[in-house]
Amino acid sequence: MLARHIQYFLAVAQHQSFTRAATALHVSQPALSQQVRQLEESLGAQLFDRSGRTTRLTDAGEVYLRYAQRASQELQEGKRAIHDVGDLSRGSLRVAVTPTFTTYLVGPLVEAFHGRYPNITLNVREIAQEYMEELLLSDELDVGIAFEEVHAQDIDAYPLLVETLALVVGVKHPLAGQHAIGPEALNAESLILLSSEFATREQIDRYCRQHDIRPRVQMEANAISAVIEVVRRTTLSTLLPATIALAHDELVAIELDPLRLQRTAVLMQRKGAYQSAAARAFIEVATEVAGHLEKRPG
């Protein structure tokens, strides 16, 4: 009964209307109103101001909202814990990754995990790290794979792999036969880079500032696939994880030596979150796959 009271309270708070909340919950408005009044009576406080055209939270309602949201989250975790199966004969997992990982990590990771645990349903999303952290905190994700610069305090991050960025060129590029170049050689390059909303671009710009590098950025794109296609077809080069080039026969990764452009990828979870058997298994497989990728020649 308590779970229902909380659910109804949160719905009215979200929709600011008993009518719209009742529609969303697929219940009658009188039944919804009765449940909310019962909650108010048990608390000895009025939670909603019903006098205006919009139903608004009272001061007491605003205070209670924070606790109700937390309770709802805990109840959902409890429900998943009850249905969690230790032998992994069934289950589900919600995973998110930042964009560069879809090009070289997601494929072998999902292949390995699905091969080992074929009855676990995976929901994999590609999203920006900041939004990923929000979803982890609101219990809408189980595991995230991003970078070590975690913004939220209530996120636990565990190192997964060290990703090395390289100058990536097409096979017809004049530097395609080089194994490594000094960072200063980037000054002579015409680049296509990911646009500024990508964490990768922020790290590239920071690296260039730190080492007084001023490459010519002639193009930008908001999709890694577009960057790869342009590099493949032109003499423009780019800076991307070296591992990406290994998956494309027409691309070559040239190491930046001795000043490498590296970053640490991490597995992220909300602090104190219930960790299902599926989540534990996924983290184990991700660690194994990441270890194999790091050992591959660049």
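**A nonpolar cavity, a two-faced helix and some salt bridges**

Helix α5 gives the most to the lining of the largest cavity, putting in three residues. That cavity belongs to a predicted model, and a search of the whole structure turns up one cavity of 30 Å³ or more. The space inside comes to about 40 Å³. Its lining is made up of V95, V97, V106, L109, V110, V124, I145 and F282. Two elements give two or more residues to this lining, namely β3 (91–97) and α5 (106–116). Chemically there is little to sort out here: the lining residues split into eight nonpolar, no polar and no charged.

Helix α3 (residues 29–43) is next. With 15 residues at 1.5 Å a residue, α3 should span 21 Å, and its end C-alpha atoms are indeed 21 Å apart. Buried residues in α3 are L32, S33, Q35, V36, L39 and E40. They sit on the same side of α3, because they cover an arc of only 160° around the axis. An α-helix has 3.6 residues a turn, so residues three or four places apart point the same way. P30, E41 and S42, on the other side of α3, are exposed. Right after α3 comes G44, with a positive phi near 70°.

As for charge pairing, the count comes to 13 salt bridges. In one of them R94 pairs with D142, with the closest N and O atoms 2.9 Å apart. R94 is in strand β3 and D142 in the loop between α6 (129–137) and β5 (143–147), so this pair ties together parts 48 residues apart in sequence. R94 is partly exposed, at 23% relative accessible area, while D142 is buried at 13%.

Helix α8 (residues 224–233) holds another pair, R233 and E229, which lie four residues apart, about one turn of the helix. Their closest N and O atoms are 2.6 Å apart in a salt bridge. R233 is exposed, with a relative accessible area of 62%, and E229 is partly exposed at 31%. R232 and E250 also meet through their side chains in a salt bridge (2.9 Å, N to O). Since R232 lies in α8 and E250 in the loop between α9 (242–246) and β11 (251–256), the pair ties together parts that are 18 residues apart in sequence. Both partners count as partly exposed, R232 at 29% and E250 at 38%. Through shared partners, salt bridges join E229, R232, R233 and E250 into one network.

Notes:
Residues are numbered from 1 along each chain as its sequence is written. This is a predicted model: local features need pLDDT of at least 70, side-chain atom pairs count only at pLDDT 80 or more; totals for chains, interfaces and linings use all residues. Side-chain values use heavy atoms; hydrogens and water are left out. On a 1 Å grid over the protein atoms alone, a cavity is a set of points where a 1.4 Å probe fits but cannot get out, and a pocket is an open set with protein on both sides within 12 Å along at least five of seven lines; lining residues have an atom within 4 Å of a point. Grid points are joined across faces, edges and corners, and a volume is the space filled by probe spheres set on the points. Ala, Val, Leu, Ile, Met, Phe, Trp, Tyr, Cys and Pro count as nonpolar, Asp, Glu, Lys and Arg as charged, and the others, Gly among them, as polar. The expected span of a helix is 1.5 Å times one less than its number of residues. Buried means under 20% relative accessible area, exposed over 50%, partly exposed in between (1.4 Å probe, protein chains only). The arc is that of the directions from the helix axis to the C-beta atoms. A salt bridge is a side-chain nitrogen of Lys or Arg within 4 Å of a carboxyl oxygen of Asp or Glu.
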